[in-house]
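Subject: Structure handover

Hello,

Please find the structure below, followed by notes on what was found in it.

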Amino acid sequence: GVEFRRMFEKQHADSLWMTTALRMNATFPYILPIIQLPSSPPMAVMDAGAMDNYGTQTAIKYLFEFKEWFAENTESVIFIQIRDNDREDPITDLSAQDYFSQMMSPLGGGYYSITESRDLANEYLLRFAKEWYPGQMEVITFEYPRETSSEPASLSFHLTQREKRNIYNSLNTPNNQKSFSLVRQLYRPELLARGEKISAYQEGGSR
């Protein structure tokens, strides 16, 4: 990895538009053209999901860099992960697929294995971070599960009304409602405004 602002300081990296950064981050093969950075030799930019689809590695690196500050000035760190799929997918029954789908399954399975291995690596990072970080750490996940629709939303710049409804309805799944409840439990601005500690408040059992 490189530090973008330092490496491209002479190219006015601080003037990079947010829309340009988003476009660079969405460079997906065969969907959007590859972008080249003004380095020597030029570097090609690819979708960040190829390395870390949910930003876990970046967040862990940030926490490691400032772990002493966080431990001294906060009681806990909360990671909120928003996923476009289930964290634990069921095993696919290949026998139910037609002949063409079975022919294409090695290609799709290879891509699926890559994403799953990235997920597993990020899980290891989060578990390991709990060992070296002296404070408390919580990971809260919101998912867009398949259970909300037999036809999940497509990877597209335009979502249909049906797809928008499916995404909205996914907020009501038991797992996501549990995550919302946990966020409400951990984030108590009224206590922070009074200078009270959330951990002490929770231990006391008051509501």
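Glu-3 has a relative accessibility of 44%, so this residue counts as partly exposed. The model is predicted, which applies to everything that follows. The side chain of Glu-3 forms a salt bridge with that of Arg-6, with an N to O distance of 3.5 Å. Arg-6 has a relative accessible area of 61% and is therefore exposed, because the cut-off for that class is over 50%.

Salt bridges come to four in total. Another of them joins Asp-14 to Arg-5 at 2.6 Å, N to O. Both Asp-14 and Arg-5 are exposed. One more links the side chains of Glu-68 and Lys-67, with 3.7 Å from N to O. The two partners there fall into separate classes: Glu-68 is exposed at 51% relative accessible area, whereas Lys-67 is buried at 18%. Lys-67 is put in the buried class because its 18% is under the 20% limit.

Turning to the interior, which residues make up the largest nonpolar core? The nine are Ile-60, Leu-63, Phe-70, Val-77, Phe-79, Leu-126, Ala-129, Tyr-133 and Met-137. At least two residues of this core come from each of helix H3, strand E3 (76-82) and helix H5 (99-132). A second core, separate from that one, has five residues, among them Phe-8, Ala-13, Leu-37 and Val-45.

Tyr-133, a member of the largest core, has a list of contacts worth checking on screen. Leaving aside residues up to four places away in sequence, Tyr-133 touches Leu-63, Lys-67, Phe-70, Ala-71, Thr-74 and Val-77. Lys-67 in that list is also the salt-bridge partner of Glu-68. Leu-63, Phe-70 and Val-77 are contacts of Tyr-133 and belong to the largest core as well.

Phe-64 is a residue of helix H3. The C-alpha atoms of Phe-64 and Tyr-133 are 7.7 Å apart, while 69 residues separate the two in sequence. Is Phe-64 buried, partly exposed or exposed? Its relative accessibility is 43%, so Phe-64 is partly exposed.

Helix H3, residues 56-65, also contains Tyr-62. Together with Phe-66 and Trp-69, Tyr-62 makes a nonpolar surface patch of about 360 Å². Helix H3 thus holds a residue of the patch, Tyr-62, and supplies at least two residues of the largest core.

Regards

Conventions. Residues are numbered from 1 along each chain as its sequence is written. This is a predicted model: local features need pLDDT of at least 70, side-chain atom pairs count only at pLDDT 80 or more; totals for chains, interfaces and linings use all residues. Side-chain values use heavy atoms; hydrogens and water are left out. Patches are made of residues with over 30% relative accessible area and no salt bridge: like charges are joined within 9 Å, nonpolar side chains (Val, Leu, Ile, Met, Phe, Trp, Tyr) within 5 Å. Accessible areas come from the Shrake-Rupley method with a 1.4 Å probe; for residues, only the protein chains shown count as cover. Helices (H or I, at least four residues) and strands (E, at least two) are DSSP runs, numbered from the N terminus. Buried means under 20% relative accessible area, exposed over 50%, partly exposed in between (1.4 Å probe, protein chains only). A nonpolar core is a set of buried Ala, Val, Leu, Ile, Met, Phe, Trp, Tyr and Cys residues joined through side-chain atoms within 4.5 Å. Contact means heavy atoms within 4.5 Å.
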